[in-house]
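Colleague: Could you walk me through this model over a coffee?

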Amino acid sequence: MDKNTSSSSSSAAAHVLIIPFPAQGHVTPMLSLAKLISFSGVFTTFVNTESIHRRLSGSGRIDGRRLRFRAVPDLLTDDGGNERDFDFPSMFFNLQESMRRGSTETYKKLLTEEFIGEWPPVTCVIADGVLDFAIEVAGEVGIPTLVFRTSSPCCAWTYATIPSLINNGIIPFPEECDMDEIVKGVEGMEGIMRRRDLPSFMRMVKSTEDNHIKLMNGFNSNLVSGKVIIFNSFDALDPTLLPIMSSYWPPIFTIGPLHLLTKFWVKNSCSSSLRQEDRTCMTWLDNQPDKSVIYVSFGTVAVMSPEQYIEFWHGLVNSGHRFLWAVREDMVKGKQEMEVTKEMEEETKKRGCMVEWVPQEEVLAHRAVGCFLTHCGWNSTLEGMVAGVPMICWPYFSDQMINSRFVSDVWRIGLDMKDVCDRNIVERMVREVMEGESALELRSSAARMADLARKSIDENGTSRANFESLVSYIKSAEL
Ligand code: UDX
């Protein structure tokens, strides 16, 4: 199938079932896709585990004419706990297993249902590329599967080169190796990646039998098992990598930034937030001067020690700039024992605002925000790019290591603070992004990037065209 060729043999009975991995960073872009596809006239069923389904209800989730929400039972508790437990491979393996045991029957039933009212049977599945079970079961019942990868193309490609990194002796990392050495073996990324920019789990791998390697190899097989691969990204970001990836993989559809496409196309859209947003921060932002605030957030998974938290806090305060910090209640490990001094409280009141969870897209788009201190999760990175806000990156794990390298050294829209947590460096980087010549340079390259992102979803933009051919493909008999 040529992704540039729209099919003419369209059928009105297309019905796509979309199933994300149960975590915020996966639900958000896949719900955007569900809204967009249903808006294009295709029947769309969005399937979550029961715990996520319940949490989405708080955001005003409502079934529409062509978009319906369904839940599959899981064996998880309803405390968002799967985002917290952080032995990465174990978390994935346990979750897949609990879904396999808890969800298969209901999922299979949804896949094989006959007509229900005007809803036709499911004609294809868009499965999260890390949800093995969803891909396997769709295969078993003979439904074509399209794979959606919620991380960046540069991350998916790095995972795919693991066999080559093993062959070249890069993994496992030799004892006492130089973390700043540029690694060989990632085709298309020559001269870019240092050891420290590889997915963080590679630092733990002791043998090629390691669980992390098994997990990543599983993600790689999932990717190539689909009819097509969908990325929440746009072509201008990876002009070198995407043609290389396309030469090895099924057709790739880059259709992002999805949150931007959704904003323009889908009216009255419900929020995808799984947590209660504290909107008092918007009033606080309204009272701050233009581009004066550093917005700080480390996403949904990252945790830090009280010592690291205090280093960040001092760095921010010492910079003299204002800050808005989204601090999840589970973000600082051992917070109970942490001593918050009077000085900290007073300084925060003077120039800061701290809340648990913010409406991030709105915050980033606010005129008062001048810098984004981020963990570089792919959604946050795209949201920062679209807003044209320069970033300071403090990646926590996995894909974030790669994204932060690209932000600083390929796209040049921010600074990478990876592997360091020191108040002096936080202060220096904040100043570099907020003050003088360096700030002007970063701001103008961030603005150029925002412009490229916007152009990609314009009438003649690449993401818009790719999205339209994806919908034609879903409607077609070619599946
Ligand atoms: C992880 C991975 O790093 C990411 O690349 C992967 O694809 C999904 O899981 P996560 O920590 O969830 O990332 O971060 P990110 O991908 O940035 O997603 C976080 C989302 O939460 C963003 O859409 C952001 O807007 C939202 N958010 C965060 C809020 O709405 N409010 C907040 O206060 C903080």
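What follows is a short conversation about the sheet, a helix pair and the ligand shell.

Modeller: Happy to! This is a predicted model, where local features need pLDDT of at least 70, side-chain atom pairs count only at pLDDT 80 or more, and totals for chains, interfaces and linings use all residues. Residues are numbered from 1 along each chain as its sequence is written.

Colleague: Which strands stand at the edges of the sheet?

Modeller: The open sheet has 7 strands in the order β3-β2-β1-β4-β5-β6-β7, with parallel pairing. Strands are DSSP runs of E with at least two residues, and helices runs of H or I with at least four, numbered from the N terminus; two strands pair if DSSP finds at least two bridges between them. A single partner strand leaves one side without a neighbour in the sheet, so the edges are β3 (67–72) and β7 (252–254).

Colleague: How are α5 and α7 oriented to each other?

Modeller: The axes of α5 (residues 153–160) and α7 (residues 211–225) come within 9 Å and cross at roughly 115 degrees. Axes are lines fitted to C-alpha atoms, for helices over the stretch in contact, with angles from 0 to 180 degrees between N-to-C directions. Since 65 to 115 degrees counts as roughly perpendicular, the two helices, α5 and α7, are therefore roughly perpendicular.

Colleague: Which residues are closest to the ligand?

Modeller: The ligand is surrounded by 24 residues, a residue being near if its C-beta atom, placed from the backbone, lies within 6 Å. Helices α1 (24–39), α13 (360–365), α14 (378–387) and α15 (399–410) each supply at least two residues of this shell. The closest are G25, G299, Q360, G377 and S380.

Definitions and conventions. Parallel < 35°, antiparallel > 145°, perpendicular 65-115°, else oblique.
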